[in-house]
Structure formats: C-alpha cells, structure tokens
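Biologist: Got a minute to walk me through this one? I'd like to start with the strands.

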Amino acid sequence: MRSLLFLRDSFVYAYDIMIFIPREESFACEHCGVDVHPLGSGTYRNHCPQCLFSKHVDRDGPGDRLSLCLGLLEPISIDQDGKKGLMIQYRCVKCGKVSRNRAADDDKILEFMQNHHKNA
Ligand SMILES: [Zn+2]
Ligand SMILES: [Zn+2]
C-alpha cells in the first residue's frame, strides 16, 4: 500500500510543477502498468506513452492540482492544434470531464488511432 501511495504522490507533485520546473521523474502507469520514464528534453511527461492514459489532477487549468477526482483520464481522440502540435483529448473515467494535453514525441499516437478506428 505504501509504495502505491508514494507513486501517486510523486506523480501529482511532478505534474504540479511541470510548467515551471520540468522534473525528471519516473512513474508507473495506472492503466497499463508500464514504467513511464522522463523525456529528458526538459519537457515533463504527464501521461503514458504506451496507452496515452493520464490522470485527473487539475480542476480549472493545467497544473493547478486542485482536483480531488484523481480518476484516470482516458484518451478519446487526437487533434492537430496549429500552435501546439498534436493534442490528446481526454475524458475522465470517473467524473466525465473532458480536457486536452499536448502529445509527446514518442507517444504511440498511430497505434492509438488504429485501435480507435477498429473500435469505432
Ligand atoms: Zn499506460
Ligand atoms: Zn475526474
């Protein structure tokens, strides 16, 4: 139990400061269980590159960490944003809130889109 709690704390902490001080820290994905390693390019990774799942920790904006939900954020679609590049659209499996996150370079975007098409 203790190690689970620790993982959750370090994830939330790293997410909180990602805009200001990118922190190189690994965490275990709560959806597929894969070890998620830092990008190493000064960009903090806040979602799993394998299954793209993230976690509902923000309430009003990125990094505010005010959400008490902590549900898993399920990736539902990929958008192309002119300024920011690829954006992953999420829906929280617990409360249903929809949000967006910038995709990382090594995210399995293609795999996600292929699986998504199969299911659609
Ligand atoms: Zn995962
Ligand atoms: Zn939620």
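Modeller: Sure. Start with strand S4, residues 72-81, and strand S5, residues 85-92: they run antiparallel and are joined by 8 bridges. Keep in mind that this is a predicted model.

Biologist: How many residues are in the hairpin that joins S4 to S5?

Modeller: The S4 to S5 hairpin goes through 3 residues. Asp81 in S4 has Gly85 in S5 as its bridge partner.

Biologist: Is Asp81 buried or exposed?

Modeller: Exposed. Asp81 counts as exposed because it has 11 other C-beta atoms within 10 Å, and the cut-off for exposed is 12 or fewer.

Biologist: How far is Asp81 from Arg102 in space?

Modeller: Their C-alpha atoms are separated by 9.1 Å. Along the chain, Asp81 and Arg102 are 21 residues apart.

Biologist: Back to the S4 and S5 pairing. What is the bridge partner of Ile78 in S5?

Modeller: Ile78 has Ile88 as its bridge partner. Ile88 also belongs to the largest nonpolar core.

Biologist: Which residues make up that largest nonpolar core?

Modeller: There are 9 residues in all: Cys29, Cys48, Cys51, Leu52, Leu73, Ile88, Tyr90, Ala103 and Ala104. As a general background, nonpolar side chains tend to be buried together in soluble globular proteins.

Biologist: Pick Leu73. What does Leu73 touch, not counting residues up to four places away in sequence?

Modeller: Leu73 touches Phe53, Ser54, Lys55, His56, Tyr90, Cys92 and Ser99. Tyr90 is listed in the core with Leu73. Ser54 has a further link, as it stands opposite Leu73 in S4.

Biologist: So on to S3. How many bridges are there between S3 and S4?

Modeller: There are 2 bridges, and S3 and S4 pair in the antiparallel sense.

Biologist: And on the other flank, how many bridges do S5 and S6 have?

Modeller: S5 and S6 have 5 bridges, again in the antiparallel sense. Arg91 stands opposite Val98 in S6.

Biologist: What goes on in the hairpin of S5 and S6?

Modeller: It has 5 residues between the strands. Gly96 in that hairpin takes a positive phi near 85°.

Biologist: Put the sheet together for me. What is the strand order?

Modeller: The order is S3-S4-S5-S6, an open sheet of 4 strands with antiparallel pairing. The edge strands are S3 (54-55) and S6 (98-102), each pairing on one side only.

Biologist: What about the chain as a whole? How many helices and strands are there?

Modeller: The protein chain has 2 helices and 6 strands. From the N terminus on, the elements run α-β-β-β-β-β-β-α.

Biologist: What share of the residues is buried?

Modeller: Buried residues make up 21% of the 120 residues. As for contacts with a separation of 6 or more, 30% are between residues 24 or more positions apart.

Biologist: Let's do phi. Which residues other than glycine have a positive phi?

Modeller: Leu52 is one, with phi near 70°. Leu70 is another, with phi near 60°. Most residues other than glycine have a negative phi.

Biologist: Where do Leu52 and Leu70 lie?

Modeller: Leu52 lies in the loop between S2 and S3. Leu70 is found in the loop between S3 and S4.

Biologist: Why does Leu52 count as buried?

Modeller: Leu52 is buried because it has 25 C-beta neighbours inside 10 Å, and 20 or more is the cut-off. Leu70 is partly exposed, with 15 other C-beta atoms within 10 Å.

Biologist: And Pro38, where is that?

Modeller: Pro38 is in the loop between strand S2 (35-36) and S3. With 16 C-beta neighbours inside 10 Å, Pro38 counts as partly exposed. From Pro38 to Phe27 is 8.8 Å, C-alpha to C-alpha, with 11 residues of separation in sequence.

Biologist: Last topic, confidence. What does the chain average in pLDDT?

Modeller: The protein chain averages 79, and 72% of the residues score at least 70. Over residues 12-23 the pLDDT is below 50, though this stretch has 21 contacts in the model beyond near neighbours in sequence.

Biologist: Where else does pLDDT stay under 50?

Modeller: Over residues 1-9, for which the model has 2 contacts beyond four places in sequence. Where pLDDT is low, the predicted coordinates should not be read in detail.

Definitions and conventions: Residues are numbered from 1 along each chain as its sequence is written. Chains are lettered from A and ligands numbered from 1 in the order in which they are written. This is a predicted model: local features need pLDDT of at least 70, side-chain atom pairs count only at pLDDT 80 or more; totals for chains, interfaces and linings use all residues. Two residues are in contact if their C-beta atoms, placed from the backbone, lie within 7 Å. Two strands pair if DSSP finds at least two bridges between them. A nonpolar core is a set of buried Ala, Val, Leu, Ile, Met, Phe, Trp, Tyr and Cys residues joined through C-beta atoms within 7 Å. pLDDT is the predictor's confidence in each residue, from 0 to 100.
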